[in-house]
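Biologist: Got the model open? I'd like to walk through it with you, a few spots at a time.

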Amino acid sequence: MNLADRLSRTAAAYGPRTAVELGDRSLTYAELDTLAGRVAALLTARGIAPGDRVGLMLPNLLEFPALYYGTLRAGAVVVPMNPLLKSREIAHYLRDSGAVLLFAHESSAGEVAAGAAGTAAEVVAIGPGSVTALLAAHPDPVLDAVGDGQDTAVILYTSGTTGVPKGAELTHAGLTRNADITARSLLRLGPQDTVLGCLPLFHAFGQSCAMNTAVGVGARLTLLPRFDPLLALQTVQQRQVTVFEGVPTMYAAMLAVHAQQPGAHDTATLRLGVSGGAALPVEVLHGFESAFDCPVLEGFGMSETSPVASFNHPDRPRKPGSVGTPIEGVEMRLVHVQNGIGELCVRGHNVMKGYWGRPEATAETVQGGWLHTGDLARVDEDGYYYIVDRQKDLIIRGGYNVYPREIEEVLYEHPAVAEAAVIGIPHPALGEEVAAAVALLPGAEATPDDLREFVRAQVAPYKYPREVWLVDALPKGATGKILKREIAAPSA
Ligand code: ADP
């Protein structure tokens, strides 16, 4: 099965239903399916052959799914790209993937022109009305998809926190099965559901868990151009959203809005929150659940695992702070275990084929079918996994391991704290010292000393942050994840 077959099947069953909506525009499943077929016709007419790579450098547009599924239907490989990339990065993605075409938003025309110069990629600008104009000469949709099974469907570039971004090659079979499991057994999603997708569609979480998942079952996908907590709450009310998906900073931000105006939004339709992409502080989980009367289930995933690997399954007890148990057909285990903590490895149908064009990096990361995640975790007696931290975020203070997440959890318990990040800063004698950057809730007051003492009272002496500084907000990537590498200590 081609990943785009999910759309054709849903269009056949639920043609007149709304597939996707953004602002005051929407597309039905029948319209989306036809548009995707016409995109496939356009690509074929332009000489795009099966296996060719096509870049998609777009924000959340109504037409995003049409370009995505149209590219897949033509047998080409989608290379999603962040629309905020600069020319140097664009050149890397295009060269590395060997893309022959790039659909890019017109707002980034300057960077795109500079980045694509000297590469094989022909640039097609996308802006208001341009998809209609582009497709005018291609009225007849392609109906049958080319490519399936182990053929590569998408090359998802990892954000490159270590080294240059590498492209995870994901297959039609892997992505289809992941979206099916997410829809059926994790979210129990059906055509009556409305999914709020604030997550960018170029990233694994939004692309698979919101778009592919909703499209497979005929649910309605409500898009926001970018995340804003107030707009998200208003959208839940106006569009009668049933499932909200987001990264932890989104939950924290919506909670902060709620704290200022409790009860201002009617969120009664919300039946489920799904969190992933980073650790959800237990305090935020409980806060959201009681503020909005809606359970939040946390899962673990990464671009390399199509993306979902584990989840707090709805038919099993949910454990706060845990990423649950492996999804059906997937195994997890820990290696190099010390004091119960080891590196998390994943094996199963969701593991990428490899990093595109990088056999050495692939051999290092996938060994005997086991993908080494680079995350440290522990597992309890019921087989539930807990992410302790990213291996590279571990702080070693004078020979003692400090896991930032443990200290962040304590900071989130302070009533004035909106967001917290614990990092290691260089120290001449200890190697590293523990430090924390904290953003307070609007109107709340606490001094760095208050926060330091609050943590000090609750953890062993080697763990509490000696340095604490207040910031307006923590730096975040396009998905809303906190970017620790961009946090800098204020110069004294
Ligand atoms: P990156 O965050 O480097 O851009 P991905 O978007 O593929 O890459 O995210 C994968 C990483 O996100 C995982 O390796 C892990 O560190 C983190 N992650 C995902 N889900 C969770 C979770 N529920 N708890 C903690 N960390 C998570």
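Biologist: Strand β25, is it mostly covered or mostly uncovered?

Modeller: Mostly covered. Seven of the ten residues in β25 (residues 431-440) are buried. Keep in mind that this is a predicted model.

Biologist: Which strand does β25 pair with over ten bridges?

Modeller: That is β24, residues 417-427, and the pairing is antiparallel. Ile425 has Glu433 of β25 as its bridge partner. A hairpin of three residues makes the connection from β24 to β25.

Biologist: And how does β25 run relative to β26, parallel or antiparallel?

Modeller: Parallel. Four bridges link β25 to β26, which covers residues 467-470. In that pairing, Ala435 sits opposite Glu467 of β26.

Biologist: Remind me, what holds strands together in a sheet?

Modeller: Backbone hydrogen bonds, in either a parallel or an antiparallel arrangement.

Biologist: Switching to the ligand. How many residues surround the ligand, and which are closest?

Modeller: There are 17 around the ligand. The closest are Ser159, Ser303, Asp375, Arg390 and Lys481.

Biologist: What are the polar distances to the ligand from Lys481, Arg390 and His203?

Modeller: A polar side-chain atom of Lys481 is 2.5 Å from a ligand oxygen. For the side chain of Arg390, an N or O atom is 2.7 Å from an oxygen of the ligand. For the side chain of His203, the corresponding distance is 2.8 Å. As for cover, the ligand taken alone exposes 570 Å², and the protein buries 91% of that.

Biologist: Which element gives the largest share of the shell around the ligand?

Modeller: β13, with four residues. Both β13 (296-301) and β21 (385-390) supply at least two shell residues each.

Biologist: How do the shell residues divide by chemistry?

Modeller: Six are nonpolar, seven polar and four charged.

Biologist: Back to β13. Where does β13 stand in the order of its open sheet?

Modeller: The order is β2-β1-β10-β9-β11-β12-β13-β14-β15, so β13 sits between β12 and β14. That makes nine strands, with mixed pairing. β2 (25-28) and β15 (325-326) are at the edges with a single partner strand each, so one side of each has no neighbour in the sheet.

Biologist: How do β14 and β15 run, parallel or antiparallel?

Modeller: Antiparallel, joined by two bridges. Phe311 has Thr325 of β15 as its bridge partner.

Biologist: I want to check the backbone oddities too. Which two residues does a cis peptide bond join?

Modeller: Ser306 and Pro307, with omega about -10 degrees. Pro307 is in the loop between β13 and β14 (308-311). Ser306 is found in the loop between β13 and β14 as well.

Biologist: What is the phi of Ser306?

Modeller: Near 60 degrees, a positive value in a residue other than glycine. Most residues other than glycine have a negative phi, and most peptide bonds are trans.

Biologist: Is Ser306 buried or exposed?

Modeller: Buried, because its relative accessibility is 2%, and the cut-off for buried is under 20%.

Biologist: What about Asn339, which phi does it have?

Modeller: Positive again, about 50 degrees, and Asn339 is not a glycine. Asn339 lies in the loop between β16 (330-338) and β17 (341-348). Asn339 counts as exposed because its relative accessibility is 82%.

Biologist: New topic, Ser97. Where is Ser97 found?

Modeller: In helix α4, residues 87-97. Ser97 is buried, with a relative accessible area of 1%.

Biologist: What does the side chain of Ser97 reach at 2.8 Å, and what at 3.3 Å?

Modeller: At 2.8 Å, the backbone oxygen of Tyr93. At 3.3 Å, the backbone nitrogen of Ala99.

Biologist: Which residues does Ser97 touch, beyond those up to four places away in sequence?

Modeller: Arg53, Val79, Tyr157 and Trp356.

Biologist: Which residues of α4 are buried, and what do they pack against?

Modeller: Ile90, Ala91, Tyr93, Leu94, Asp96 and Ser97 are buried. The buried residues of α4 pack against β3 (53-57), β4 (77-81), β5 (101-105), α5 (109-116) and β7 (152-157).

Biologist: Last one. Which phi does Gly98 take, just after α4?

Modeller: A positive one, about 70 degrees.

Technical notes
Residues are numbered from 1 along each chain as its sequence is written. This is a predicted model: local features need pLDDT of at least 70, side-chain atom pairs count only at pLDDT 80 or more; totals for chains, interfaces and linings use all residues. Side-chain values use heavy atoms; hydrogens and water are left out. A residue is near a molecule or strand if one of its heavy atoms lies within 4 Å of it. A polar contact is a pair of N or O atoms within 3.5 Å; within protein, one must be able to donate a hydrogen and the other to accept it, and residues adjacent in sequence count only if both atoms are side-chain atoms. Accessible areas come from the Shrake-Rupley method with a 1.4 Å probe; for residues, only the protein chains shown count as cover. Ala, Val, Leu, Ile, Met, Phe, Trp, Tyr, Cys and Pro count as nonpolar, Asp, Glu, Lys and Arg as charged, and the others, Gly among them, as polar. Buried means under 20% relative accessible area, exposed over 50%, partly exposed in between (1.4 Å probe, protein chains only). Contact means heavy atoms within 4.5 Å. Two strands pair if DSSP finds at least two bridges between them.
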